[in-house]
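Welcome! Please take a moment to look over the sequence and the 3D view, and then read on for a short guided tour.

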Amino acid sequence: MRRSARLISISGISALAVLGTACSAGTDSTAPASGGRAGQTSSAGTPSPAPTADPAAAVRAAVEAAGKTTARIDEAIRLVGSGQDFTITVKGAFDMKADKGTLKAALSQTGARTGKAVPLDEIFDGDTVYVRMPTERSGDTAWRSTARDKAEAHYLMRAPLNDPEHVLRQVAMAHQVTEVGPQKIDGVATTHYRGGLNADALLLRMARERRALMEGPLKAAGDNLAAFADVWVTEDGRIARIGLSCDLGAAKVETTMNLTAHGRTVKLPPLPRRAQPAAPGSIGGPLGG
């Protein structure tokens with residue numbers, strides 16, 4: 001795990017250097033949302049539905065509904081800063097109600113033509129998460145087990161151990177939520193909502209040493225942080241897509257998480273019962289959040 005941790009550790013530090021100025025710069029709240037280009041807006045000839053009476057309540061209801069069902073997860077996180085540009089993908093199936101699922105994460109240099117992505121396999125089973133790096137160069141591809149509720153984030157807008165429920169919690173913390181309008185995502189009619197994210201959302205479950213560095217500048221920026229949550233909700237109240245974005249000027253993070261195949265049964269592979277216990281803090285690096 002430590003090998004991948006070295007890849008972009010400088011990215012988080014460089015972001016800290018610009019927090020005092022870049023975070024307060026803000027961006028136009030009407031700018032295209034993270035991941036928005038993947039969907040198609042409704043045609044101009046289609047009558048627009050009446051705006052939602054309480055957009056924030058609609059988003060919270062959709063998050064609550066997502067927490068009671070299953071979904072296929074297809075996520076991409078892009079981290080840019082200090083001359084580096086990396087993408088992390090997370091794919092799998094997750095049962096939010098039963099707290100179980102399987103995920104495959106991979107880190108690669110964005111747009112790289114050579115080199116292989118660094119993979120990470122994960123199995124969530126209640127309070128335990130099993131992880132392994134199947135192509136570790138040292139040959140240590142054994143499974144490790146760690147406590148899900150003790151895992152921490154070490155990078156801005158990264159979920160501990162790629163936990164999709166962490167992303168849902170951040171979305172539920174959005175403030176000043178507005179309804180952007182109707183939009184189709186992969187042919188499915190949705191309503192697009194957008195809200196701001198404050199320091200509490202960005203620092204959610206962040207490791208103590210990282211929080212100590214970031215908390216002051218982030219909270220000083222208040223509601224002027226250039227950080228947003230976008231949510232696309234279907235007509236039956238399901239979340240089709242989540243977009244998170246934070247622009248610090250010299251460093252940027254964009255996350256797009258698509259949720260599909262809602263309600264389908266999620267089955268786990270045989271659990272690695274002989275997995276070696278690992279302290280949550282030992283599973284670091286951008287791949288582990």
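## Confidence in the model

What is the mean pLDDT of the chain, and what share of its residues reach 70 or more? This is a predicted model, and its mean pLDDT is 83. A pLDDT of 70 or more is reached by 81% of the residues.

One stretch to read with care is residues 1-46, where pLDDT stays under 50. For these residues the model has 104 contacts beyond four places in sequence.

## A pair of aromatic rings

Let us turn to the side chains. The model has one aromatic pair. Its partners are Phe-94 and Phe-124, with ring centres 5.1 Å apart. Their planes stand at 70°, and planes over 60 degrees apart count as edge-to-face, so the pair falls in that class.

The two rings come from distant parts of the chain, 30 residues apart. Phe-94 belongs to strand β3 (residues 84-95), while Phe-124 belongs to strand β5 (residues 118-125). Are these two residues buried or exposed? Both Phe-94 and Phe-124 are buried.

## Pro-164 and its neighbours

Phe-94 also appears among the contacts of Pro-164, a residue of helix α4 (residues 164-172). Leaving aside residues up to four places away in sequence, Pro-164 touches Ile-73, Phe-94, Leu-103 and Met-257.

Take Ile-73 from that list: Pro-164 and Ile-73 are 91 residues apart in sequence, yet their C-alpha atoms are 7.9 Å apart in space. Why does Pro-164 count as buried? Its relative accessible area is 2%, and buried means under 20%, so Pro-164 qualifies.

## Helix α6

Now follow the chain to helix α6, which covers residues 208-221 and has 14 residues. From its first C-alpha to its last, α6 reaches 20 Å, close to the 20 Å expected at 1.5 Å a residue. Where does α6 kink? The kink, of about 45°, lies at Met-214, shortly before the proline Pro-217.

Met-214 is one of the buried residues in α6, together with Arg-210, Leu-218 and Ala-221. Just after the helix comes Gly-222, which takes a positive phi of about 60°.

## Arginines over rings

Arg-210, which we have just met as a buried residue of α6, lies over the face of Tyr-155, at 5.0 Å from the ring centre. Another arginine has a similar placement to look for: Arg-194 lies over the face of Phe-228, at 4.5 Å from the ring centre.

Key. Residues numbered from 1 in each chain as written. Predicted model: local features only at pLDDT ≥ 70, side-chain atom pairs only at ≥ 80, totals over all residues. Heavy atoms only, no water. Phe/Tyr/Trp six-rings, centres within 6.5 Å; stacked < 30°, edge-to-face > 60°. Helix = DSSP H or I, 4+ residues; strand = E, 2+ residues; numbered from the N terminus. Buried < 20%, exposed > 50% of the residue type's maximum accessible area, 1.4 Å probe, protein only. Lys NZ or Arg CZ within 6 Å of the ring centre and 35° of its normal. Expected span 1.5 Å × (residues − 1). Bend = angle between axes of the 7 residues up to and from the residue. pLDDT = per-residue confidence, 0-100. Contact = heavy atoms within 4.5 Å.
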